[in-house]
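Colleague: Please choose one helix pair and take me through it closely. Set it in its chain, and give the cut-offs as you go.

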Amino acid sequence: MAVADMALQRLDGDRRYLGRKLSLVLTILLFVLALLSLGHGASGISAPAILADWLAGRDIAATDRVILLNIRLPRLLTGILVGAALAVSGAIMQGLFRNPLADPGLLGVSAGASLGAISAIVLGSVLPAGFAALFGWYLVPAAAFAGSWIAMITLYAIATRQGRTSVATMLLAGIAMAAMISALSGVIIFVADDQQLRDLTFWGLGSLAGSSWAKVSVAGPAILLALILAPLLARGLNGMALGEAAAVHVGIRVQRVKTAAVLITAAATGTAVAISGGIGFVGIVVPHLLRLISGPDHRWLLVNSGLLGAIVLIAADMVSRNIVAPAELPIGIVTAILGGPFFMWVLLSNRRTLDG
Amino acid sequence: MKPVALTQTRRDRASTMLLAAFGFSIGCLLAAPSPAEPHPDADRIVSIGGAVTEIVFALGEQERLVARDTTSLYPPEVMDLPDVGYIRQLSPEGVLSVEPDLILAEEGAGPPEIVSLLKESGVGYEVIPSGYNAAGLAGKVTAVAEAIGVPEKAGPVLDAIQTDLQELSDRVATQGEKRRVLFILSVQGGRIMASGQGTAADEIIRMAGAENAIQGFSGYKILSDEAVSEAAPDILLMMNRGEATSEHDASDDVLFAMPALATTPAAETGAVIRMDGDYLLGFGPRTGKAALELHDTIYAGS
């Protein structure tokens, strides 16, 4: 392992110190943005004023309390969790496939989740009202989660023979599976009525508007566990950057890294997509951006991706909540509209580095 | 109609009954929804749902409205109110930001988790049943009037609707053979999306004393050209999508040049009816008039 690290050090020069500094900057930025996000929204209530009232033991209006504690706070936490989950998963997948275009979508995680959600939205109404009421609003997230795991486990089983997983097979089979799954989704979309179609569209665009403590407490532990375990993959992914054979020679247990990478990604992305719908762009762009800034060392890349992913999603959510208030834009639109041109600009200004 | 359509309906019915039996057992465990509670003092009302908003105006209580949803487009004054988003995709803080003391929401407003947040906030939240038929319409008016604490004002509105409906049934009684109407939601990409059963369009066609030319499926579906030809509608019914685009989108020429429609009786007489979407399908206070107007246009000259 030490050999792999040394190779990377030579590759990187002083970039690893940049990674460390970047972590600090991103942490501060995340903290500041989180406070801003709590303090701003469609309604004019001010978080500091309410906090002051609360500390002084004064009564707080029910509406203000609900907005702050039951709407903005769980929404902020969901944003942090989902943003971090998507970006870290993206970083892991790009490392695993050694391809900067990889994202969790390649494992069929997103396609599976969306098939699950679509089925629940459309077929949920065929179920009698009592059945849907029994699940409440867990129905769609639970179905999305189940869909992502079924897709991922199937794919993993396909790509694994005699205890060895072929990354190339996983990539190609993932594409085939995504195509099959979207065809299945198409069948369900076909039988959907116009209201359900609108629901499907909105689900696909993603939103943090439905965040609640119930969702945070269900999804939070799964995503947190995945995020805590993710940095353990850093050395393995660094080694695999040299190629699988080389990684084996420097003592990396390649198969274990692959399995862990797939499980962590599926847990993080599956949960994130289940509670927030389809939010594109973050998973691909955030790790890519960080690699441009501070190099490919996964020890920093994974942590920083989590931080920057959270930052990007909170910022996007603030825009989505405020730009057309009192209505709001689906967040997937914001991440793509604002993120796309920004990323393009970063790419163009780094062109020389990229070509070199 | 066609044997294929029949089998499907029958299978649908069987599975629905099975599910209904299952649902009943679970449904028994759950409490029935409580009837609308009156909020006579509410003077900052958010109205969610086009029909609900129209009813508030019809009751003469529009001064109490402070916001509306995206589907509330009539009467024109309503556009001056802030829009809190699409009925099925509300923003919780957006709704609360207009400081409402009552949220009047048509059934189906959501998503459900946001509705439960809104209820938690201590603001009154009343659900108005959505109904796409004459009885449902009366139920909506009564529910809105009760929820905003003016039950006595429902009478005149209901009477006006009743008058229209009575007039309608008189005229329907004396009309000749039922004409076959095809409601076309869109002709995007040359494919006809028409209305089957269980939709507002299907119901208003029935109310107007005509027959939906397409039978055997529910909701809005894209039809095959053959199915459209075979349905042989006497008249096409479409929504007006603003003057600028409607001619451009699907002018009569374009419409009847489509192979699916070219051979239909409607094409021979050039029979297309275009009506305002909210008016035609809203199932609000104007629905009696809309049905009457639709009837008169369908049977004009016969």
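Modeller: Helices and strands here are DSSP runs, H or I over at least four residues for a helix and E over at least two for a strand, numbered from the N terminus. On that basis chain A holds 17 helices and 2 strands. The model is predicted, so local features need pLDDT of at least 70 and side-chain atom pairs pLDDT 80 or more, while totals for chains, interfaces and linings use all residues. Residues count from 1 along each chain as written, chains are lettered from A and ligands numbered from 1 in written order, and side-chain values use heavy atoms, without hydrogens or water.

Chain A comes first. Its radius of gyration, taken over C-alpha atoms, is 21 Å. The globule rule (2.2 Å times the number of residues to the power 0.38) also gives 21 Å for 356 residues, so chain A is as compact as a globular protein of that length. The C-alpha trace spans about 65 × 50 × 35 Å along its principal axes. Of the 356 residues, 51% are buried (under 20% relative accessible area, 1.4 Å probe, protein chains only; exposed is over 50%, partly exposed in between). Take contacts (heavy atoms within 4.5 Å) between residues at least 6 apart in sequence: 80% of them join residues at least 24 apart. Chain A exposes about 15,900 Å² (Shrake-Rupley, 1.4 Å probe). Carbon and sulfur atoms supply 71% of that area.

Now the pair. Helix α5 of chain A covers residues 109–123, and helix α7 of chain A covers residues 139–159. Their axes come within 6 Å and cross at roughly 145° (lines fitted to C-alpha atoms over the stretch in contact, angles from 0 to 180 degrees between N-to-C directions). The crossing of α5(A) and α7(A) is right-handed (near helix turned clockwise from the far one by less than a right angle; anticlockwise would be left-handed). From α5(A), the contact uses V109(A), G112(A), A113(A), G116(A), A117(A), A120(A) and I121(A). From α7(A) come L139(A), V140(A), A143(A), A144(A), G147(A), S148(A), A151(A) and M152(A). By class, the contact of α5(A) with α7(A) has 11 nonpolar, 4 polar and no charged residues (nonpolar: Ala, Val, Leu, Ile, Met, Phe, Trp, Tyr, Cys, Pro; charged: Asp, Glu, Lys, Arg; polar: the others, Gly among them).

One residue of another helix is worth adding. T271(A) lies in helix α13 of chain A, residues 254–276. T271(A) is buried, at 5% relative accessible area. Neighbours within four places in sequence aside, T271(A) is in contact with F145(A), A219(A), A222(A), I223(A) and A266(A).
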